[in-house]
Amino acid sequence: MHVLLKIQCRNLRELFKIDAADYMMSICGNDALRELSSPGKSGSVFFLSQDDRFMIKTLRKSEVKVLLRMLPDYHYHVRTYENTLITKFFGLHRIIPSSGQKFRFVVMGNMFCTELRIHRRYDLKGSSLGRSADKVEIDENTILKDLDLNYQYYLEPSWREALLNQIEIDSKFLEAQHIMDYSLLLGVHYRAPQHLRSLMFYQGITADGLEMLAEEDPLENEISNYPQSLVLVPRGTDDNSVVVGPHIRGSRLRASAAGDEEVDLLLPGTARLQIQLGVNMPARAELIPGKEETQMFHEAYDVVLYLGIIDILQDYNMSKKIEHAYKSLQFDSLSISAVDPTFYSQRFLEFIQKVFPPNSIS
């Protein structure tokens with residue numbers, strides 16, 4: 001079993017184009033790992049390598065069993081779907097210090113390893129019970145949750161379709177593995193955070209009673225759904241001009257505005273960034289209108305998104321079934337996280353579809 005595990009982990013690192021020497025230096029080199037505050041309630045401890053490339057998480061014995069059980073299928077899935085958004089695992093290790101207590105930990109890719117600053121972080125499950133941040137003051141390190149999300153994110157239509165399709169594929173894989181309680185980890189970079197440059201829209205009513213969105217300074221071209229300060233450029237021939245970033249694999253995204261060519265993201269003050277599913281994705285963030293529908297103005301921001309599916313090692317075991325039964329007596333069963341994997345995946349996808357709605361401006 002240990003020999004097979006080593007071979008599978010090595011194959012995964014090769015698949016994800018992780019150099020063995022770099023991997024060892026990042027994890028076991030002279031630079032100390034940075035401990036992070038745990039964003040969850042599992043009791044796991046998180047560390048980040050000094051180069052920001054790798055996230056290290058301690059695992060419970062039950063999580064190790066789940067990972068070992070699903071590892072062959074996981075390997076097949078990530079090999080088959082190169083654009084998968086599921087957490088990239090690079091190694092499962094165990095250390096036994098002089099105290100004799102075993103520590104098991106998994107090494108994963110850091111989804112937020114980017115030269116761009118992550119201004120907001122969201123952990124989204126599609127459930128509502130207890131899904132809000134505990135902190136009163138929100139900063140860049142706060143892990144926000146479903147009820148804290150007050151923006152929707154508009155992507156280029158073909159990108160949205162590809163994103164939702166991949167999330168459905170990934171969630172169906174997790175459902176087949178009897179996994180639930182996973183999340184979409186979403187990182188948001190605001191292009192102009194110093195003053196949060198906004199586009200003001202006036203919401204009017206047309207003659208036939210249909211709502212209409214009109215910009216104060218309407219764009220002249222057909223790509224008005226694109227963020228205005230984020231420039232898409234056709235894929236360059238000089239690879240040295242592109243910041244590839246760690247753990248990038250899969251195909252670059254194409255854009256209809258560029259003649260359906262593969263495109264890069266060009267930002268003032270940075271190099272060209274590869275746009276791939278879940279990585280360096282430019283979008284327009286719009287404030288979700290309040291329930292009272294009396295708000296005449298709302299704001300939109302140019303953003304760059306980073307996202308992936310995390311926490312995929314919780315199966316729907318007996319303790320989760322008991323938790324579901326107990327909480328269902330007190331709360332709406334649709335609002336709790338501990339639900340059957342089939343229902344969980346359906347609810348998860350429906351919620352994500354609302355986070356990334358179709359473009360309202362053509």
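Aspartate 52 counts as partly exposed, because its relative accessibility is 31%, a value that falls between the limits of under 20% for buried and over 50% for exposed. In this predicted model, aspartate 52 is found in the loop that links β2 (46–48) with β3 (54–58). Its backbone deserves a look: aspartate 52 has a positive phi of about 70°, although it is not a glycine. Most residues other than glycine have a negative phi.

Aspartate 311 tells a similar story. It has a positive phi of about 55° and is not a glycine. Its place is the loop between β18 (297–310) and α5 (318–330), and with 31% relative accessibility aspartate 311 counts as partly exposed.

Aspartate 311 also helps to line a cavity, the largest one, together with Lys57, Leu59, Thr87, Phe89, Val106, Met108, Ile310, Ile312 and Leu313. By class, this lining has 7 nonpolar, 1 polar and 2 charged residues. The volume of the largest cavity is about 70 Å³, and a search of the whole structure finds 5 cavities of 30 Å³ or more. The largest cavity lies between domain 1 (1–110) and domain 2 (111–193 + 278–361), because both give residues to its lining.

Helix α2 (residues 20–28) offers a neat picture of two sides. Its buried residues are Tyr23, Ser26 and Ile27. These cover an arc of only 90° around the axis, which puts them on the same side of α2. On the other side of α2, Met25 and Cys28 are exposed. At the start of α2, the backbone nitrogen of alanine 21 has a side-chain oxygen of aspartate 19 within 3.1 Å.

Note on methods. Residues numbered from 1 in each chain as written. Predicted model: local features only at pLDDT ≥ 70, side-chain atom pairs only at ≥ 80, totals over all residues. Heavy atoms only, no water. Buried < 20%, exposed > 50% of the residue type's maximum accessible area, 1.4 Å probe, protein only. Helix = DSSP H or I, 4+ residues; strand = E, 2+ residues; numbered from the N terminus. Arc of directions from axis to C-beta. Polar contact = N/O pair within 3.5 Å; in protein donor to acceptor, adjacent residues only side chain to side chain. 1 Å grid on protein atoms, 1.4 Å probe; cavity = no way out; pocket = protein on both sides within 12 Å on 5 of 7 lines; lining within 4 Å. Points joined across faces, edges and corners; volume = space filled by probe spheres on them. Nonpolar A, V, L, I, M, F, W, Y, C, P; charged D, E, K, R; others polar. Domains from an automatic or database assignment.
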